[in-house]
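Here are some questions and answers on a single chain. The sequence and structure come first.

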Amino acid sequence: MDSTGRKIIIWNDDYSVGIDKVDDEHKSLINKINALYEAVNQNLTDVDILPLLDDLMDFAVYHFTEEEQLMRDAGYKDFDSHKAIHDTIVDKLKAFHRRYTVSENQRRTGFELLIFLKGWLYKHIKFADKAYAPAVTGKKQ
Ligand SMILES: [Fe+2]
Ligand SMILES: [Fe+2]
C-alpha cells in the first residue's frame with residue numbers, strides 16, 4: 001500500500017493521561033485508526049480494510065482489558081461506569097464491522113466508522129481516561 005501520510009488524528013500531549021503504558025496504547029490506537037483512514041481514503045477493498053479493522057478491534061479490546069485491570073487494582077470508584085463505556089464501544093465496533101461487511105457503499109460506511117472512532121477516542125481519552133488516571137498514579141482525585 002502506498003502511504004499518503006494522511007491522518008485523521010494526530011497525537012498531542014493534551015491526550016496524555018500521565019501513565020506511560022496507557023499513553024503508548026493510545027498512540028497505537030491512533031496509529032491503527034490512521035492506517036484505516038488511509039486505506040478508506042485510497043478506496044481499498046474490504047480484503048485490505050477488514051484486517052485493519054480486525055486489528056484495531058483486537059487492540060481496543062486488549063487496551064480496555066488493561067485499563068480495567070489498572071482501575072480494579074487502584075479501587076477506582078467509577079470502575080463500573082467506565083467499564084460500561086468500554087463495553088458499549090466494543091458493541092458499536094462489532095455492529096460497524098457487521099455493517100461494513102454487508103454494506104453496498106463501503107466507502108461511506110468506512111468514513112462513518114472513522115468519524116465514530118475519532119469522536120470516541122477524543123472524548124473517551126480526554127474525559128473518562130483522564131478521570132481514572134489520578135487514582136492509578138496515586139495523585140489526588
Ligand atoms: Fe477507557
Ligand atoms: Fe483508553
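Q: What end-to-end distance should helix α2 span, and how far apart are its end C-alpha atoms?
A: This is a predicted model in which local features need pLDDT of at least 70, side-chain atom pairs count only at pLDDT 80 or more, and totals for chains, interfaces and linings use all residues. Residues are numbered from 1 along each chain as its sequence is written, while chains are lettered from A and ligands numbered from 1 in the order in which they are written. Helices are DSSP runs of H or I with at least four residues, numbered from the N terminus, and the expected span is 1.5 Å times one less than the number of residues. The 29 residues of α2 (46–74) should therefore span 42 Å, and the end C-alpha atoms agree at 41 Å.

Q: Which residues of α2 are buried?
A: A residue is buried if 20 or more other C-beta atoms, placed from the backbone, lie within 10 Å of its own. The cover over such residues in α2 includes α1 (20–41), α3 (79–102) and α4 (106–137). The buried ones are Ile 49, Leu 53, Leu 56, Ala 60, Glu 67 and Met 71.

Q: Which helix gives the most to the largest nonpolar core?
A: A nonpolar core is a set of buried Ala, Val, Leu, Ile, Met, Phe, Trp, Tyr and Cys residues joined through C-beta atoms within 7 Å. The largest has 15 residues, including Ile 49, Leu 56 and Leu 121. At least two residues come from each of α1, α2 and α4. With seven residues, the biggest contributor is α1.

Notes: Buried ≥ 20, exposed ≤ 12 C-beta atoms within 10 Å, placed from the backbone. Contact = placed C-beta atoms within 7 Å.
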